[in-house]
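Visitor: Please take me through one part of this model in detail, following a single strand, its partners and the helix that comes after. I would like the reasoning spelled out where there is any.

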Amino acid sequence: MSPAPVTPGPASTPPSHEDRDWVHAAVRIVEADANRSADTHLRVFDLPTEWGVRLYLKDESTHPTGSLKHRLARSLFLFGLSNGDIGPTTTLVEASSGSTAVSEAYFARLLGLDFVAVVPATTSTAKLDLIRRQGGRLHLVEDPGHVYAAAEELGSQPGFHYLDQFAMASTVTDWRGNNNIACSIFEQLALEPHPEPAWIVVGAGTGGTSATIGRYCRYAQHETKLAVADPEGSAFAPAWRAGSRDVTARGSRVEGIGRPRVEPSFVPSVIDEVVTVPDDESVAAMRMLFERTGIRAGASTGTNLCVALRLVHRMREEGRPGSVVTLVCDDGNRYLDTYWDDGWLAAKGFDLDAGRRAVEPLFP
């Protein structure tokens with residue numbers, strides 16, 4: 001029997017010279033934003049000299065959009081432009097807990113593109129206001145578990161593009177260099193007493209940051225270990241311990257990190273340790289960071305700090321000098337009506353006093 005004839009599908013329309021010219025101009029605009037933006041600061045968190053251990057805070061809140069997600073948004077846009085996914089009339093869509101959407105709305109506005117953020121209805125008012133201020137539109141979803149599906153459905157329409165941070169984060173970032181966050185950390189540590197840190201501590205939302213740092217440490221042949229600080233209710237820690245990506249969980253109460261499922265960009269094989277941090281301790285550490293340093297951050301920074309300080313104490317007990325690096329993830333002013341509001345915390349069942357009792361011994 002003769003094979004059935006193959007009916008050719010519709011031929012794709014090659015981009016016009018005008019579209020290619022627009023993409024070239026758009027890439028230049030995004031790169032120019034990076035060129036005029038200074039790198040984020042690597043701050044010293046004061047510890048007693050006799051401890052023999054130094055703690056550094058990579059302050060990602062100093063990005064133009066106030067969070068670590070500025071790096072990811074830039075990479076997603078450059079990838080989408082270079083890959084032919086983003087053109088002069090594309091409407092961009094993202095599923096986000098807030099910070100990524102703020103940064104993506106910023107880049108969409110630079111390029112004159114429409115942007116729709118699909119976010120949980122529980123997202124802080126301050127974050128929603130920031131998305132609107134950058135020109136983004138909001139699509140609120142009552143059930144946080146439906147955010148992915150809603151964004152994918154919206155982004156599948158003709159003329160739309162779903163940026164999909166959770167699937168693409170570890171793909172779009174050049175983990176070998178190009179001023180990624182890992183490269184920046186090591187460059188800034190070059191003249192410090194311990195330029196190769198014993199540990200770098202990060203949270204995981206998409207998993208892209210931990211993947212980038214873990215891969216870079218191996219590529220650059222560093223002995224530095226990577227710890228992921230995971231909030232309670234997240235799937236990442238139990239999945240890492242079980243060696244399975246099929247783990248699900250209820251989800252996190254710490255915005256920006258912790259997920260109810262294992263995201264595609266989470267790479268367990270580059271992580272040396274995952275530590276679960278109770279939510280009360282994350283918020284208490286966030287508050288104590290402000291009291292000690294004047295840095296007002298969000299709860300995800302508190303999660304990071306809890307693990308970083310525990311590793312500092314472990315190194316002290318082992319008599320091992322060295323350094324530990326963690327991240328200030330975002331600007332705490334976007335959480336004034338949530339994690340910085342005692343009434344809101346009480347209504348949500350947080351016990352700030354219990355958290356403070358647990359973390360206070362970690363601070364010098």
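Guide: In this predicted model, strand E3 (residues 91-95) pairs in the parallel sense with strand E6 (residues 160-162) over three bridges, and within that pairing leucine 92 stands opposite histidine 161. E3 also runs parallel to strand E4 (residues 115-120), to which four bridges join it, with glutamate 94 standing opposite alanine 117 of E4. Between these two strands the chain passes from E3 through helix H3 (residues 99-111) to E4, in a β-α-β crossover that is right-handed.

E3 itself is mostly covered, five of its five residues being buried. Thr91, Val93 and Ala95 point one way from the strand while Leu92 and Glu94 point the other way, and all of them are buried.

The helix of the crossover, H3, has 13 residues and spans 19 Å from its first C-alpha to its last, which is close to the 18 Å expected at 1.5 Å a residue. Eleven of the 13 residues of H3 are buried, that is, under 20% relative accessible area, so the helix is largely enclosed by the rest of the structure. Among the buried residues are Ser99, Val102, Glu104, Tyr106, Phe107 and Leu111. The buried residues of H3 pack against E3 and E4, the two strands that the crossover connects, and also against helix H1 (17-35), helix H2 (69-82), helix H4 (125-133) and helix H6 (165-172). Just after H3, glycine 112 takes a positive phi of about 75 degrees.

Helix H2, one of the elements that H3 packs against, also takes part in a charged contact: aspartate 39 forms a salt bridge with arginine 71, the closest N and O atoms being 3.3 Å apart. Because aspartate 39 lies in the loop between H1 and strand E1 (41-45) and arginine 71 in H2, the pair ties together parts that are 32 residues apart in sequence. Aspartate 39 counts as partly exposed at 30% relative accessibility, whereas arginine 71, at 11%, counts as buried. Both belong to a network of salt bridges that links Asp39, Lys58, Glu60 and Arg71.

As for how far the model can be trusted, the chain averages a pLDDT of 93, and 95% of the residues score at least 70. Residues 1-12, however, have a pLDDT below 50, and this stretch has zero contacts in the model beyond near neighbours in sequence.

How values were computed: Residues are numbered from 1 along each chain as its sequence is written. This is a predicted model: local features need pLDDT of at least 70, side-chain atom pairs count only at pLDDT 80 or more; totals for chains, interfaces and linings use all residues. Side-chain values use heavy atoms; hydrogens and water are left out. Buried means under 20% relative accessible area, exposed over 50%, partly exposed in between (1.4 Å probe, protein chains only). Two strands pair if DSSP finds at least two bridges between them. A crossover is right-handed if, with the strands pointing away from the viewer, the path from the first strand over the helix to the second runs clockwise. pLDDT is the predictor's confidence in each residue, from 0 to 100. Contact means heavy atoms within 4.5 Å. The expected span of a helix is 1.5 Å times one less than its number of residues. A salt bridge is a side-chain nitrogen of Lys or Arg within 4 Å of a carboxyl oxygen of Asp or Glu.
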